[in-house]
2 protein chains.
Amino acid sequence: MSRRKPSIRDVAALAGVSTATVSNVFSGRKPVNDDLRENVRKAAEALGYQIDRAASQLRSGRNRIIAVLVPDLIDTFFATIVSRLETLAFEQDYDVIVASSHDNRSVESSRLKALLSWRPAGLVIVPCSHVLPAELLDVKDRLPMVLVDRVSTGNAIADTVTIDNIDAGEIAARHLLERGHRDIVLAVSHSSFPPLAERVEGASKVVASYVGRRPRALELGSNVAAGAKIFSDWLERNPLPGAVIALTNVTTLSVLSALAQHRIEIPSKTSVIAFDDYAWMSARNTGLTAVRQPVDDIASMAWNRLTLRMEEGARRRAEPTVLNASLVIRASVKELSPSEPAEFGKDGPPGEAAPGRGEDVKKIH
Amino acid sequence: MSRRKPSIRDVAALAGVSTATVSNVFSGRKPVNDDLRENVRKAAEALGYQIDRAASQLRSGRNRIIAVLVPDLIDTFFATIVSRLETLAFEQDYDVIVASSHDNRSVESSRLKALLSWRPAGLVIVPCSHVLPAELLDVKDRLPMVLVDRVSTGNAIADTVTIDNIDAGEIAARHLLERGHRDIVLAVSHSSFPPLAERVEGASKVVASYVGRRPRALELGSNVAAGAKIFSDWLERNPLPGAVIALTNVTTLSVLSALAQHRIEIPSKTSVIAFDDYAWMSARNTGLTAVRQPVDDIASMAWNRLTLRMEEGARRRAEPTVLNASLVIRASVKELSPSEPAEFGKDGPPGEAAPGRGEDVKKIH
DNA sequence: GAGATTCTGTTAAACGTTTTACAGTTAATC
DNA sequence: GATTAACTGTAAAACGTTTAACAGAATCTC
């Protein structure tokens, strides 16, 4: 018995039909008589026939590959998106080929080039910076694609799916302010990334409008340990802030790490708002209050947009989809009582500071 | 100007050579004169030529796809493996096409079939149960592959990469026993999965040899919330154990969730050993002592084995690779002092139980 | 300097599908 | 009962590569 995989010709021979008929049975492009179809099925089964997608794609020009390029699969946020996309794609008989750029623009370019050489039917990309890889521009009106997350909203070269990052920042800031916090610092990975700049902007504006000045924003990078070190060093050189808003899930980890290292308790010593909503955030004694991105919805919308494009072709204006983040309230934000006025409080009673927490009410500079 | 992508023929025409020469320039299979090569490069550049991998694969039979099938990308453990594999593969110019089985055997079969139709050069699979999909057996000596993680070690249909799960269980149990714990329960997702059964076995044996009876093992499933509910219910109907060993990363989350929900403090009220080592485990005030799987090494070894197979062909016995887990000691295990003898202690002084922790020393049933 | 060898390039035949053009049969219409 | 239309199947030509077979020129060997 030959080791070679059976081809459509073998099936045709065994079933006593032409290759075209076999093709039609499998692709369903033309109707085939019931008995014949059954014969073909049987023959294929007997031979263990499997269609060769390379040949199929070559001839038809169409194909069933969705290319997905994300900064890093280790980041649960992106992994979740890929996972959802893969599931959705599979339901419609697409396969997903995945690559990561590791937040490196030249890697991004080269990965993108590789992905493109598969002539995918569609592309979902989370760019690693706001400046899009050149390869993308080349194919932008030949290839259905959608840009997700790391996109400046004005950036209309293709459909986009993002969250309202300004709002996300505002939500967090407002929550803190409503609970009496005034002494707030922001932690972010790279403030040059479009969504992050917007989150910072949203939070800062709100804080500034209450407090009279914009909060300090710390850049912690996108590595947990390195970020923890930076934040830890900062903590040592500065008075403990009343609250910190982490604007990224890895930043959240960095902040938490540094805080733990200094044995600073949450929320009694300082309050924390986390970003993204993962299982581990609630699996602790003081659950983390967090800004939740609707990650499943992001993936679904990206898929919707993409399928629409794939059906309709490129003739249609690029359209942005903006989803809303929400606040999951747990226990990491302290409710400041009237006897513990915020430092800028204009109206609070002159009661004494909370015992043993004098450092809490110092100004951050 | 035509919208059609330029083919090798267009490049050949522009460069004034044959298509074969162009092919040789790009594949490097035959040497090409320097000037000519430069010409071809220029022409390709000018036209924006990109090789069509489908055509290439069809003709050559060879290809550069690695298929990866894992239970679920949402699980950071698997995502990390995929991420590493993708990086390693890319360095050698392979692309990764990824699919997940969602721990469902029929999905696994159907995904596998789809992956196989790409005629990949290699396959890395984390099976979702110990019974391997039939499709795998069909191709086992035609397709280089390596089985990772969820594999019974005896299962020698192909190269395997696993950790020593018995040892992993033992490590955790021994750590607890050495610190005076005797009242230990095990938490696991599905004890039918090969590696989990072994972890349970390892831990149980060690505990039994100290304590005289095997510890209770709870099945929490592979969904965090559902598992938390199960464990929470169990906690209500049973005395609080002195320590719990989670033998899976999602189980860890379930246990922690339930414990937090009941406001049971770690390690003062009960000790916990976590499984896998993630950033969030140290980003808390009481860092989690955890059994760490060498996930990067697992991925690297899998890749090594796979490339070896791809080069050598199938002629060689299937070989298991077993790596070792290690214990990362942090703060979630209480050091029982001599005045708090373990319940079965035969030699401890008859001192009184720790104040307010009477429930701690009750037997689990 | 004749024959063998090595280089370097070309021609043309694959690879396994899909699809166009066509043909034969049957059903529908007038 | 002739003409059309609708079905259902086939033959053969693609699709864009790679590669076996070949060929011409240059180099080597004796």
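By class, eleven nonpolar, eight polar and nine charged residues make up the surface near DNA strand D in this predicted model. Of the 28 residues around that strand, A:Thr21, A:Asn33, B:Ile8, B:Ser23 and B:Arg62 come nearest, and sugar and phosphate account for 62% of the atoms of DNA strand D that come within 4 Å of the protein. Both chains contribute helices to this surface, since H2 and H4 of chain A, together with helix H1 (8–15), H2 and H4 of chain B, each supply at least two of its residues. Among these elements, H4(B) gives the most, with four residues.

Turning to DNA strand C, the residues of the surface near it divide into eleven nonpolar, nine polar and nine charged. There are 29 residues around DNA strand C, of which A:Ile8, A:Ser23, A:Arg62, B:Thr21 and B:Lys30 come nearest, while 61% of the strand's atoms that come within 4 Å of the protein belong to sugar and phosphate.

The polar contacts with the two strands involve bases as well as phosphates, and several of them are set out below.

| Residue and its atom | Partner atom | Distance |
|---|---|---|
| A:Ala55, polar backbone atom | base nitrogen, DNA strand C | 3.5 Å |
| B:Ser18, polar side-chain atom | phosphate oxygen, DNA strand C | 2.7 Å |
| B:Lys30, polar side-chain atom | base oxygen, DNA strand C | 2.6 Å |
| A:Lys30, side-chain N or O atom | base oxygen, DNA strand D | 2.7 Å |
| B:Tyr49, polar side-chain atom | phosphate oxygen, DNA strand D | 2.9 Å |
| B:Arg59, polar side-chain atom | base oxygen, DNA strand D | 2.7 Å |

B:Lys30, whose side chain has a polar atom 2.6 Å from a base oxygen of DNA strand C, is also one of the residues that come nearest to that strand. The elements that give two or more residues to the surface near DNA strand C are helix H1 (8–15), helix H2 (19–27) and helix H4 (53–60) of chain A, together with helix H2 (19–27) and helix H4 (53–60) of chain B. The largest share of this surface, four residues, comes from H4(A).

A separate feature of chain A is the packing of helix H8 (residues 165–178) against helix H9 (residues 194–211), at an angle of about 35° and with the two axes 7 Å apart. The crossing in which H8(A) passes H9(A) is right-handed. On the H8(A) side the contact includes A:Ile166, A:Ala173 and A:Leu177, and on the H9(A) side it includes A:Pro195, A:Val206 and A:Tyr210. By class, ten nonpolar, three polar and four charged residues form the contact of H8(A) with H9(A), with A:Glu170 and A:Arg174 of H8(A) and A:Glu198 and A:Arg199 of H9(A) among the residues that meet there.

Key: Residues numbered from 1 in each chain as written. Chains lettered and ligands numbered in written order. Predicted model: local features only at pLDDT ≥ 70, side-chain atom pairs only at ≥ 80, totals over all residues. Heavy atoms only, no water. Near = heavy atom within 4 Å. Polar contact = N/O pair within 3.5 Å; in protein donor to acceptor, adjacent residues only side chain to side chain. Nonpolar A, V, L, I, M, F, W, Y, C, P; charged D, E, K, R; others polar. Axes fitted to C-alpha atoms, helices over the stretch in contact; angles between N-to-C directions. Left-handed = near helix turned anticlockwise from the far one by under 90°. Contact = heavy atoms within 4.5 Å.
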